[in-house]
Amino acid sequence: MFRTVPLTLVCALWVAAGCAGTPPADTADTGAGVLDWSYPLDDVLRVSHGQVLGTHNSYHIAPDPALVDEWEYTHQPLDVQAGELGVRQFELDVWYNEDTEGVDVYHAPIVDDQTTCGTLVGCLEVLRIWSERNPAHFPLIVLIEPKDELASLAMTERPDELDEAVLAGWPREAMWTPDDQQGAHATLRESVLSDGWPLLGELRGKAIFVLLDSGDGREAYTAGQTTVAGRPLFPLVDADHDLAAFFLMDDPEGSAESSGEAVDAGFLVRTRADAGGAPEDGSTARLEAAVASGAHCLSTDYPEVHEETGYQAAVPGGLPVGCNPRTSPEDCFAEALEDPQWMR
């Protein structure tokens with residue numbers, strides 16, 4: 001790779017060298033014409049060939065005091081996570097706001113409601129601005145969980161309001177939706193099994209949205225698991241369902257076999273690299289199992305080093321994206337998925 005070549009030589013050597021990456025905006029065009037900054041394997045690699053770090057409750061700020069030990073973690077703002085920590089999968093809990101008739105983002109009313117971005121539209125706008133500054137990024141995966149613990153604030157029965165907020169915060173042309181994925185196929189599941197996910201050349205700079213609900217919210221959003229036509233979010237369903245495309249398998253040790261089967265079939269999978277707090281002894285056993293499972297998104301509360309235990313979740317061999325240990329072709333290398341030298 002030419003990552004150590006001085007910047008003055010990059011423009012002359014880049015295309016011939018076949019290196020990956022998108023330069024900062026102020027170096028991309030010197031006035032002599034726009035160079036081809038395309039990645040060399042964008043006609044080979046797919047989103048399913050990568051493995052990324054994600055954050056659990058990505059907006060979260062630890063309450064003071066924390067009534068539950070598991071709430072004692074604080075994340076950086078979403079754009080800092082994307083630009084400095086290499087996070088490419090995000091998770092947002094959403095509640096209905098009766099006063100504004102909008103969609104708010106936080107974990108639980110009153111007792112755990114501190115957040116780096118207060119509304120779904122606002123959270124997505126933070127990510128959108130970062131995305132527009134980094135247009136060749138590996139596709140983001142955004143999981144949205146409608147909450148319903150309080151009936152008056154429940155989002156599970158408001159699928160249209162949820163879609164409106166998503167589309168207000170993130171442009172449709174920068175999404176990969178269920179309609180896009182299904183194409184001319186009879187079902188979503190058939191499109192994944194037959195064609196797989198698109199080549200990276202088609203998905204760079206875009207986001208994939210997932211409905212993180214397998215109960216009432218899913219039933220309302222999918223009209224009883226019959227359709228997501230016209231909707232921006234992929235649903236969570238059983239592996240043999242016509243709407244299958246994305247799975248949550250959050251126990252990488254207990255669900256290793258089923259997770260591996262889903263990954264090998266071409267579906268996208270999210271798992272939890274840690275849960276219930278940082279391992280007291282700093283153990284990375286669960287993280288290692290998550291990596292080995294081939295799950296595409298490794299969700300963590302600790303993208304940064306935990307001060308007391310020294311634990312930190314990371315994707316081996318790649319910042320921000322590593323080659324998937326189960327699915328990536330032999331010629332995959334991390335910088336072909338996304339080159340970290342242009343992370344901002």
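Visitor: Which helices and strands do the buried residues of H4 pack against?
Guide: Keep in mind that we're looking at a predicted model. The buried residues of H4 pack against two helices and four strands, so let's name them by kind. The strands are S2 (87-97), S3 (102-105), S4 (140-146) and S5 (207-211). The helices are H3 (78-84) and H5 (159-169).

Visitor: And which residues of H4 are buried?
Guide: Buried here means under 20% relative accessible area. In H4, the residues that pass that test are Leu-120, Cys-123, Leu-124, Leu-127, Trp-130 and Ser-131.

Visitor: Why do the buried residues of H4 line one face of the helix?
Guide: An α-helix has 3.6 residues a turn, so residues three or four places apart point the same way. Now look down the axis of H4: its buried residues line one face because they fall within an arc of 120°.

Visitor: How far does H4 reach from its first C-alpha to its last?
Guide: H4 covers residues 120-133, which makes 14 residues. At 1.5 Å a residue, you'd expect 20 Å. The model comes out close to that, with H4 reaching 20 Å.

Visitor: Let's move on to empty space. Which residues lie nearest the centre of the largest pocket?
Guide: The largest pocket has a volume of about 570 Å³. Its lining has eleven nonpolar, nine polar and ten charged residues. Of the 30 residues that line this pocket, the ones nearest its centre are Glu-72, Tyr-73, Ala-278, Tyr-302 and His-306.

Visitor: Which elements give two or more residues to the lining of the second largest cavity?
Guide: Searching the whole structure turns up two cavities of 30 Å³ or more, and the second largest has a volume of about 30 Å³. Its lining is made of Pro-146, Met-155, Thr-156, Pro-159, Leu-162, Leu-211, Gly-217 and Tyr-221. The elements giving two or more of these are H5 and helix H9 (216-221).

Visitor: How many charged residues are in the lining of that second largest cavity?
Guide: Sort the lining by class and you get six nonpolar and two polar residues. For charged residues, the count is no residues at all: none.

Visitor: What about Asp-238, is it buried or exposed?
Guide: Asp-238 sits in the loop between strand S6 (233-234) and strand S7 (246-248). Exposed means over 50% relative accessibility. Asp-238 has 54%, so it counts as exposed.

Visitor: How far apart in space are Asp-238 and Ser-214?
Guide: Leaving out residues up to four places away in sequence, Asp-238 touches Ala-244 and Phe-247. Asp-238 and Ser-214 are 24 residues apart in sequence. In space, C-alpha to C-alpha, they are 9.5 Å apart.

Note on methods: Residues are numbered from 1 along each chain as its sequence is written. This is a predicted model: local features need pLDDT of at least 70, side-chain atom pairs count only at pLDDT 80 or more; totals for chains, interfaces and linings use all residues. Side-chain values use heavy atoms; hydrogens and water are left out. The expected span of a helix is 1.5 Å times one less than its number of residues. Buried means under 20% relative accessible area, exposed over 50%, partly exposed in between (1.4 Å probe, protein chains only). The arc is that of the directions from the helix axis to the C-beta atoms. Contact means heavy atoms within 4.5 Å. On a 1 Å grid over the protein atoms alone, a cavity is a set of points where a 1.4 Å probe fits but cannot get out, and a pocket is an open set with protein on both sides within 12 Å along at least five of seven lines; lining residues have an atom within 4 Å of a point. Grid points are joined across faces, edges and corners, and a volume is the space filled by probe spheres set on the points. Ala, Val, Leu, Ile, Met, Phe, Trp, Tyr, Cys and Pro count as nonpolar, Asp, Glu, Lys and Arg as charged, and the others, Gly among them, as polar.
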